[in-house]
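Trainee: I would like to take a close look at a single part of this protein, and I would be glad if you could lead me through it slowly.

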Amino acid sequence: MMIQKIVDKIAFLLLLCGSLSVFSQQEDHHQAPKENKVDGTTEMIMHHIADAHDYHIMDWKGHAISVSLPIILWTENGLVTFMSSKFHHDDSGKVIVESKGLKFVKYHGEIFYANADGSLSFDEKHHVTNLRPLNFSITKNVVTLIFVCLLMLFIFVSVAKSYKKNDKAPKGVAGFLEPLILFIRDDIAKPNIGDHKYERYMPYLLTVFFLIWIGNLLGLVPVISGTLTNDILFTGTLAVLTFVITVFSGNKNYWKHIFATPGVPIWLLPIMIPVEILGMLTKPFALMVRLFANITAGHIVILSLISLIFVFKSVYASVVSVPFGLFINVLELLVAFIQAYVFTLLSALFIGQAVEEEHH
């Protein structure tokens, strides 16, 4: 739990730095909009950490080099598919794509139905009022997820084959992964779930750990512009999976503590039952937010530090920004592992609470 406290403190500092950066940007916007130098930087950072319909690699001489991804929409006229290149990398709603008698525009990463003249309608708060089709597009985060899954399959199939052929001490990738697998088994699964029940949950715990860890590491590679755990929908899905496994694994003792808490008077049960149910729901919510906030904050701080060079328009700013950015980047290597460990540990803890037998 000491590691968890350290991570929480690091996350608080990173979020504080990110909040101060955004706050200073808002102050400049109100006080001196003509000389605001961080609007473009803030937009770049938000664009980098957000999901997108194309896989941006780099900019070269003012032109974006990216890989187009398929747009898959379910509309009022049926299924509509086209490549994201039809939007010409425009995110301001000015490029119109027509298909099956419908017009579509992309505005701030979302695809909307366009008006008859190809425009968008806004309310008094400048929110788009146009309807959106159901979007099943392959985004950059989906591509990253597919890549991580294929990489994990390749690694673990190779390890399984090496164990079949070699009866001696494991070598290569198998030798590297075996201590990690034993660590998850002996230090996470067994202590929290129990020696007699942990085996059935090991596949899930191993999958979650390596999926988060590899996804976090790939997010630190400059060319790979997508981080799985930077998307709250992804972290939320993992949290829901943990919640579903916990609920369906719950034994009589688990549900008894929720609906008939031992030692609590009967007249207090109408109060305790909603509290216990709320506690069930806050656990996956905490899993989701913890993982998302830690990874997102780290990316924002790294990009903010490097962007100081362009904000101040001075190469001397690199004397401060580059060393600090490198330090945070190295720290993120540690955070990538710790967050995978913490998520797996808490998942095992919640499952262990659900399968724990009653003590007499």
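In which order do the three strands of the open sheet stand, and is their pairing parallel or antiparallel?

Mentor: Please keep in mind that this is a predicted model. The three strands of the open sheet stand in the order β5-β6-β7, and their pairing is antiparallel. Because β5, residues 97-99, and β7, residues 110-113, each have a single partner strand, they stand at the edges, and one side of each is left without a neighbour in the sheet. Neighbouring strands here do not line up exactly, since they are turned by 35° against each other on average when direction is ignored. If you now follow β6, which covers residues 102-107, you will find that β6 and β7 pair in the antiparallel sense over four bridges, and that F104 stands opposite Y113 in β7.

From the sheet we can turn to the nonpolar cores. The largest of them has 50 residues, among which I184, I193 and F210 touch the most other members. Several helices, including α3 (140-165), α4 (172-193) and α5 (202-219), each supply at least two residues of this core, while α9 gives the most, with 15 residues. If you select F210 and leave aside its neighbours within four places in sequence, you will see that F210 is in contact with M152, F156, L177, L180, I181, I184 and G215. There is also a second, separate core of 10 residues, which includes I71, V80, F82 and L102. As a general background, nonpolar side chains tend to be buried together in soluble globular proteins.

Key
Residues numbered from 1 in each chain as written. Predicted model: local features only at pLDDT ≥ 70, side-chain atom pairs only at ≥ 80, totals over all residues. Heavy atoms only, no water. Pairing = 2+ DSSP bridges. Axes fitted to C-alpha atoms, helices over the stretch in contact; angles between N-to-C directions. Core = buried A, V, L, I, M, F, W, Y, C linked by side-chain atoms within 4.5 Å. Buried < 20%, exposed > 50% of the residue type's maximum accessible area, 1.4 Å probe, protein only. Contact = heavy atoms within 4.5 Å.
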